[in-house]
Amino acid sequence: MRRGSIIQLTAIGLVAGAICTVVALAIPWLPVSAGQEADRIHFVFWFTTVICICVFSVVAAVLIYSVWKFRAGPDDDSDGPPTHGNTQLEIVWTAIPAVLVTAISIVSAIVLAQNGHAGTNPLIIKVDARQFAWKFTYPNGKSFGFLTVPTGRHVKLDITSEDVIHSFWVPQLSQKQDAVPGQHNSIVITPTRIGTYPVICTELCGLGHALMRSHINIVSPAGYATWVKQGSAASAGPPGLAVFQQNGCGGCHTFKPAAATGKVGPDLDNLAQLAKQAKRGALDAFIEESIVKPQAYIQPGFSDAMPHIFGTQIPPDKLKQLVQYLAKGP
Ligand SMILES: [Cu+2]
């Protein structure tokens, strides 16, 4: 092959690879990772993607070069020269993919084994799916409609279903696991990123499937210890307090009556004043709207970080208790 052709082939390959790389990097294909397992899965994804971009560049270069260089002339009706395979080429294009696919298998197998590893002292949480809700039961026997877990600890989710097949999925944790009646499946998560992320049922399970959502609060180990303490005391105190604690409001808000010290959202001890400033009707109405539809009014200085799920998650009677509890103030 002439030197000029090799330079042309390489140039086409580099351009094709560059375009592919831009598409791969400019579009956020994956959700942010909130756990060690997701980090590893993302690594496998990118490892495979890099290999794919390399293979694509080579194929695109040869294809585009051939179409361009070996195109038949306008008056050329002759047949091409007879060719009879090329053993050398065939060995090369069999051996290289074999090596690449083996590499992907090995990396995947290592990640799979690491992701299944729960360590010696995992926090075991039972996950019960039913049409159309999630129930999370902690080692102390308390159950909640949402999941709260600390960072930096292996958490083993013991997943089952009470009726039909569901599937547990948190996009930011990358893993899915079926919830099957009469069977216990598990996944291990090791949260790393504090925040609130959706829990989604990803197996069509009936009419309410699309509403079968909850959320997972990833909190600091200290925040988790506080939450466990508060959660255990939830049966005492006014009814609104239990609703406040069960929905994880204290993770983001300060509110003295609940001994909550969260700093992500506004200090709810000042709600009366905040409501006046907001000019959105009476205190009760303002609080209810803020919980059910937080995006309707964003408190200046804060972002729309409050989950939009409470409107469907908190039943009307509980919501009333919660609103009254907050309206009473400190
Ligand atoms: Cu479901």
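Here are four short exercises with worked solutions on the predicted model shown above.

**Exercise 1. Overall form**

Work out from the radius of gyration how the chain compares with a compact globule.

*Solution.* Let's start with the inventory: nine helices and twelve strands make up the secondary structure of the chain. Next, take the radius of gyration, which is 28 Å. For 330 residues the globule rule gives 20 Å, and the value for the chain is well over that, so the chain is more spread out than a compact globule. To picture the extent, the C-alpha atoms fill a box of roughly 90 × 50 × 40 Å along the principal axes.

**Exercise 2. Domains 1 and 2**

Find the domains of the chain, then describe the contact between domain 1 and domain 2.

*Solution.* First, the division: domain 1 covers 3-65 + 89-115, domain 2 covers 123-221 and domain 3 covers 233-328. Now look at the first pair, where 33 Å separates the C-alpha centres of domain 1 and domain 2. Their contact draws on ten residues of domain 1 and 14 residues of domain 2. On the domain 1 side, helix H2 (residues 36-69) contributes the most, with four residues. Finally, sort that side of domain 1 by class: five residues are nonpolar, four are polar and one is charged.

**Exercise 3. Helices H2 and H3**

Decide how H2 and helix H3 (residues 87-115) are oriented to each other, and list the residues that join them.

*Solution.* Two numbers are needed here, since a packed pair of helices is described by the distance and the angle between the axes. The axes of H2 and H3 come within 10 Å and cross at roughly 175°. An angle over 145 degrees counts as roughly antiparallel, and H2 and H3 are therefore roughly antiparallel to each other. For the contact, H2 supplies Glu-37, Arg-40, Ile-41, Val-44, Phe-47, Thr-48 and Ile-51, while H3 supplies Leu-100, Ile-104, Val-107, Ser-108, Val-111, Gln-114 and Asn-115. By class, this contact holds eight nonpolar, four polar and two charged residues.

**Exercise 4. Helices H7 and H9**

Do likewise for helix H7 (residues 283-292) and helix H9 (residues 316-328), and add the hand of their crossing.

*Solution.* Begin with the axes of H7 and H9, which come within 9 Å and cross at roughly 125°. That angle makes H7 oblique to H9. As for the hand, the crossing of H7 with H9 is right-handed. The contact is formed by Leu-283, Asp-284, Ile-287, Glu-288 and Ile-291 of H7, together with Leu-319, Leu-322, Val-323, Leu-326 and Ala-327 of H9. Of these residues, eight are nonpolar, none is polar and two are charged.

Terms used:
Residues are numbered from 1 along each chain as its sequence is written. This is a predicted model: local features need pLDDT of at least 70, side-chain atom pairs count only at pLDDT 80 or more; totals for chains, interfaces and linings use all residues. Axes are lines fitted to C-alpha atoms, for helices over the stretch in contact, and angles run from 0 to 180 degrees between N-to-C directions. Helices (H or I, at least four residues) and strands (E, at least two) are DSSP runs, numbered from the N terminus. Angles under 35 degrees count as roughly parallel, over 145 as roughly antiparallel, 65 to 115 as roughly perpendicular and the rest as oblique. A crossing is left-handed if the near helix is turned anticlockwise from the far one by less than a right angle, and right-handed if clockwise. Two residues are in contact if their C-beta atoms, placed from the backbone, lie within 7 Å. Ala, Val, Leu, Ile, Met, Phe, Trp, Tyr, Cys and Pro count as nonpolar, Asp, Glu, Lys and Arg as charged, and the others, Gly among them, as polar. Domain bounds come from an automatic or database domain assignment. The radius of gyration is taken over C-alpha atoms; the globule rule is 2.2 Å times the number of residues to the power 0.38.
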